[in-house]
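Here's a quick tour of a structure, written for someone who'd rather be at the bench. Have a look at the model first, then read on.

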Amino acid sequence: MPEISLSRALRAITYMSISFFFVWLINTGKLNHIVHPRMNPWIIAAGLLFLVMAFSETLHLSVRPHRDDPPSHFYPFAFVLIVAYIFVQAASLHPGSFQPAGESLDIQSAAIAQRGRIADAATLGPLPSWIQPTDDSYWPLYNRLYDHPEAAIGKRITVQGFVYKKKGFPPGSALIGRNLMWCCSADMAVIGYLAHSPTLGLISDSSWVEVTGTLRSIRFDPDGSGKASDLPFIEVESIRPVERSASTTIFPY
């Protein structure tokens, strides 16, 4: 019976573990909380590459490599996998309940086209008297309201997000926020609408709520840069707790 190379066996296990980790990220829907969806094909390709490498090492288990890798060579791989797993399980990135769609490419393409039409309507159409941002219309509506807050004064708005409090906000105010991701979690930022209500002071940070109120305009310097500007501001009429959204993250494109 040929002797099995321990070094090649460890390589095969390592590559297979990385490949399975990518599969787990995709199947659970957690991948889109780390990188932009347009990066998914590259992540899938990387997972397939590691799978091929694992298969290659398995076929050559009985062939000693030119240089045996000591076990300590694989510690960094294990460390990275463990840290990555903990990172995607963190509460700030938890995607909530998720069910794989199992849809065909045609249905997915139609859904993408529909989201595009919704975003275009939010960008070009007139503002409704009652603004209710969805995942698809959130970003264009957000830009419209921040670019021209005076155009929305007096309109009603209902928006969901997590409560985000920061020193320097007006008394009794908090941001009803969402995560904005351009490319990956490294560039993630919190965006949202400043809202005012005595009740907000009783709600803990990161709690998910649905806020309904009337849009106003406020002169405010959110970054403390010394340059105040007119921003949309919600005078809250009602607040209710909601389940964490299955899509905590807003993608600009």
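A residue counts as exposed when its relative accessible area is over 50%, and as buried when that value is under 20%. Keep in mind that this is a predicted model.

**Helix 2 and its two sides**

With those cut-offs in hand, take helix 2. Pro41, Trp42, Leu48, Val52, Phe55 and Leu59 are exposed, and they sit on the face turned away from the buried side of the helix. The buried residues of helix 2 are Asn40, Ile43, Gly47, Phe50, Ala54 and Glu57. Those buried residues are on the same side of helix 2, because they cover an arc of only 110° around the axis. And what do the buried residues of helix 2 pack against? Their partner is helix 1, residues 6–28.

The length of helix 2 checks out too. It has 20 residues (40–59), so at 1.5 Å a residue it should span 28 Å, and its end C-alpha atoms being 29 Å apart agrees with that.

**Aromatic company**

On to the rings: searching the whole structure turns up 13 aromatic pairs. One of them is Trp139 with Trp182, an edge-to-face pair with 5.6 Å between centres and 90° between planes. This pair ties together distant parts of the chain, 43 residues apart: Trp139 belongs to helix 5 (residues 138–147), while Trp182 is in the loop between strand 3 (173–180) and strand 4 (189–196).

Are the two partners buried or partly exposed? Trp139 counts as buried because its relative accessibility is 17%, whereas Trp182, at 37%, counts as partly exposed. Both belong to one aromatic cluster, together with Tyr138, Tyr142, Tyr146 and Tyr193.

Two arginines also lie over aromatic rings, and Tyr138 of that cluster is one of the rings involved:

| Arginine | Ring | Distance to ring centre |
|---|---|---|
| Arg156 | Trp130 | 4.4 Å |
| Arg178 | Tyr138 | 5.4 Å |

**Strands around His196**

Now for the strands. Strand 3 and strand 4 are antiparallel and pair over eight bridges. Strand 4 also runs parallel to strand 6 (residues 229–241), joined by three bridges.

Which residue stands opposite His196 of strand 4? That's Ser173. In strand 6, His196 has Glu235 as its bridge partner. So if you want a spot to click on in the viewer, try His196, with Ser173 opposite and Glu235 as its partner in strand 6.

Note on methods: Residues numbered from 1 in each chain as written. Predicted model: local features only at pLDDT ≥ 70, side-chain atom pairs only at ≥ 80, totals over all residues. Heavy atoms only, no water. Helix = DSSP H or I, 4+ residues; strand = E, 2+ residues; numbered from the N terminus. Expected span 1.5 Å × (residues − 1). Buried < 20%, exposed > 50% of the residue type's maximum accessible area, 1.4 Å probe, protein only. Arc of directions from axis to C-beta. Contact = heavy atoms within 4.5 Å. Phe/Tyr/Trp six-rings, centres within 6.5 Å; stacked < 30°, edge-to-face > 60°. Lys NZ or Arg CZ within 6 Å of the ring centre and 35° of its normal. Pairing = 2+ DSSP bridges.
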